[in-house]
Structure formats: C-alpha cells, structure tokens
Amino acid sequence: AGYLTNSPEGDIWNIVNIDGSWFHVDVTHDDPVYDKIGRAKHYYFLKSTSAFQSTALGDTNDKSHTSDTDSWSYSVNASCTNCDYDNAFWNKVNSSIYKKGTELFYLDSSNPGVIKLLKGILGTGGSITNTTVIAEKSAQWWKAWDGNGYWSNFSWLSSYNGYLYFNGPLNIYRISYDGGELVPIYSYSSNDGYLYGCNVLSDI
C-alpha cells in the first residue's frame with residue numbers, strides 16, 4: 001500500500017496493490033459530511049485512475065479528484081490502470097459489507113420504499129452472484145424535524161456478536177447470519193423525527 005497527494009486540491013488518499021495491480025481508495029470521501037451513523041459509501045473503493053477522476057462517481061459536485069494527474073504525487077511507483085473493479089456491485093452499497101465464509105452480506109437501499117438485506121458470493125470484477133434476500137422491510141417516509149418527510153432510504157447495516165442489525169424509520173432489527181426470524185430489538189416512540197441510521201456496538 002501507499003498514498004497519493006493532490007497538491008491543487010489539498011487532498012490525500014490511499015493506493016493499494018492487489019495481485020500486482022494498483023487501485024485508488026479514498027475512505028475520507030466515502031465517509032462524507034454530513035455524517036450519518038452507519039453510512040459507508042464505496043464510490044472511491046478500488047478504482048482505476050480513469051474512474052477515480054470521473055464526476056459520475058458519487059456526488060457530481062465533488063471535483064476533488066478531477067485535477068490534472070501531473071499534480072498527483074505518489075509515495076510509491078504505481079500506476080492505477082486496472083479497471084476490473086470500476087463497475088463493482090459495491091458502487092451502489094451505502095453501508096458496511098460483512099463477510100462470513102464465502103458469503104457477503106449487504107443492504108440494497110436503491111429502492112426508497114423497500115429495505116432489502118441480501119447475501120451473495122463475490123464473483124470476478126467485483127460482481128455478486130447467487131444473491132438471496134434474507135430479510136425485507138417496507139420503508140415509509142423518513143420524517144424530518146421540520147415536519148417534512150424524505151422519500152429516500154436511510155437504512156444502514158452493522159454487525160455484532162454473530163448478528164446483523166439494520167434500521168428502518170422507527171425500528172432497529174436483528175437477524176443472524178444464517179437467516180431466521182427478523183427481530184425488532186428497538187423502537188423509536190418519539191414524534192420529533194425518525195431513525196436516520198444505526199451502528200450496534202454492544203449487546204442489546
């Protein structure tokens with residue numbers, strides 16, 4: 001591994017070597033402000049230089065990586081030309097991804113009306129195969145503190161002590177990696193907002 005600096009933008013990020021190929025990884029820009037508990041994007045994870053510079057990644061207003069590469073300074077002799085993971089499934093995963101055995105567990109939050117917890121097996125080029133939905137919940141409007149609502153998806157995934165946890169607008173749910181019953185372990189009863197994330201760090 002190494003790092004890279006971008007003098008005009010005052011930015012710095014990592015580069016990592018996998019099987020002889022180098023890739024860009026910017027964990028700072030994948031955990032942007034304003035922070036939401038449990039959110040972890042993957043826009044800038046294992047990218048080639050061409051994909052890394054594209055404004056189609058993440059926030060189209062983010063120009064942090066679009067400057068001329070001549071201004072980039074590498075800590076190691078590296079060239080990030082491998083595009084194998086530029087279109088990986090995790091590009092659209094906005095919370096943590098967990099691995100057990102050969103299976104990956106992640107949330108599909110692309111549909112504002114539905115929260116889906118899936119498992120699958122990592123394929124070539126960052127593809128995901130043999131996907132199975134192991135839990136699904138309807139996602140209502142997320143209520144804002146000003147009385148308005150957001151037709152979006154603010155559900156994030158965490159893991160603790162052999163269980164997976166994710167939130168809906170008013171509940172936090174628990175399910176084992178092996179599936180089984182989806183158990184609501186916390187309910188938010190106040191009427192001044194909804195749950196905009198969760199990250200379980202201890203027994204509940």
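Where is the place of Asn 171? The notes below start there and work outwards through this predicted model.

1. **Asn 171 and its strand.** Asn 171 has its place in strand S14, which covers residues 171-176. Beyond the residues up to four places away in sequence, Asn 171 touches Phe 166, Tyr 186, Ser 187 and Leu 195. If you would like a distance to check in your viewer, try Ser 189: Asn 171 and Ser 189 are separated by 18 residues in sequence, and their C-alpha atoms are 9.2 Å apart in space.

2. **Polar contacts of Asn 171.** The side chain of Asn 171 takes part in a polar contact with the side chain of Ser 187, at 2.6 Å. A polar contact of 3.4 Å also joins the side chain of Asn 171 to that of Tyr 173. The link to Ser 187 can be read together with the strand pairing, since Asn 171 stands opposite Ser 187 in S15.

3. **The strands on either side of S14.** S14 and S15 run antiparallel and are joined by 5 bridges, with a hairpin of 2 residues leading from S14 to S15. S14 also pairs with S13 in the antiparallel sense, over 5 bridges. Here the hairpin has 3 residues between the strands. As one example of the register, Phe 166 has Tyr 173 in S14 as its bridge partner.

4. **A charge over a ring.** What sits over the ring of Tyr 163? The charged end of Arg 174 does, 4.9 Å from the ring centre.

5. **The S8 and S9 hairpin.** Strand S8 (residues 114-122) pairs with strand S9 (residues 128-138) in the antiparallel sense, over 8 bridges. Lys 116 has Glu 136 in S9 as its bridge partner. Between the two strands of this hairpin there are 5 residues, and Gly 125 takes a positive phi near 65 degrees.

6. **Positive phi outside glycine.** Two residues may deserve a look on your Ramachandran plot. Leu 46 is not a glycine, yet has a positive phi of about 60 degrees. Leu 46 lies in strand S4 (residues 45-47) and, at 7% relative accessibility, counts as buried. Asn 130, also a residue other than glycine, has a positive phi near 55 degrees. Asn 130 lies in strand S9 and is exposed, with a relative accessible area of 58%.

7. **The main nonpolar core.** Which residues touch the most other members of the largest nonpolar core? They are Leu 107, Ile 115, Leu 117, Trp 142, Leu 157, Leu 164 and Phe 166, out of 18 residues in that core. At least two residues of this core come from each of strand S7 (103-108), S8, S9, strand S13 (163-167) and S14. Apart from this core lies another, of 10 residues, including Phe 23, Val 25, Val 93 and Leu 118. As general background, nonpolar side chains in soluble globular proteins tend to be buried together.

8. **Contacts of Leu 157.** Leaving aside neighbours within four places in sequence, Leu 157 is in contact with several residues, among them Leu 107, Leu 117, Leu 164 and Phe 166. The contacts of Leu 157 also include Gly 38, Ser 95, Ser 96 and Tyr 98.

9. **Aromatic pairs.** The count comes to 11 aromatic pairs. One of them joins Tyr 85 and Trp 90, whose rings are 5.8 Å apart, centre to centre, with 35 degrees between the planes, a tilted arrangement. Trp 90 is buried, at a relative accessible area of 7%. Ring pairs also link Phe 23, Phe 45, Tyr 85, Phe 89, Trp 90 and Tyr 106 into a cluster.

10. **A pair across the chain.** How is the pair of Phe 154 and Tyr 196 arranged? The ring centres are 4.8 Å apart and the planes meet at 55 degrees, so this pair is tilted. The pair links distant parts of the chain, 42 residues apart: Phe 154 is in the loop between strand S11 (149-150) and strand S12 (157-160), while Tyr 196 is in the segment after strand S15 (179-187). Both Phe 154 and Tyr 196 are buried.

Definitions and conventions: Residues are numbered from 1 along each chain as its sequence is written. This is a predicted model: local features need pLDDT of at least 70, side-chain atom pairs count only at pLDDT 80 or more; totals for chains, interfaces and linings use all residues. Side-chain values use heavy atoms; hydrogens and water are left out. Helices (H or I, at least four residues) and strands (E, at least two) are DSSP runs, numbered from the N terminus. Contact means heavy atoms within 4.5 Å. A polar contact is a pair of N or O atoms within 3.5 Å; within protein, one must be able to donate a hydrogen and the other to accept it, and residues adjacent in sequence count only if both atoms are side-chain atoms. Two strands pair if DSSP finds at least two bridges between them. Rings of Phe, Tyr and Trp (its six-membered ring) pair if their centres lie within 6.5 Å; planes under 30 degrees apart count as stacked, over 60 as edge-to-face and the rest as tilted. Buried means under 20% relative accessible area, exposed over 50%, partly exposed in between (1.4 Å probe, protein chains only). A charge sits over a ring if NZ of Lys or CZ of Arg is within 6 Å of the ring centre and within 35 degrees of the ring normal. A nonpolar core is a set of buried Ala, Val, Leu, Ile, Met, Phe, Trp, Tyr and Cys residues joined through side-chain atoms within 4.5 Å.
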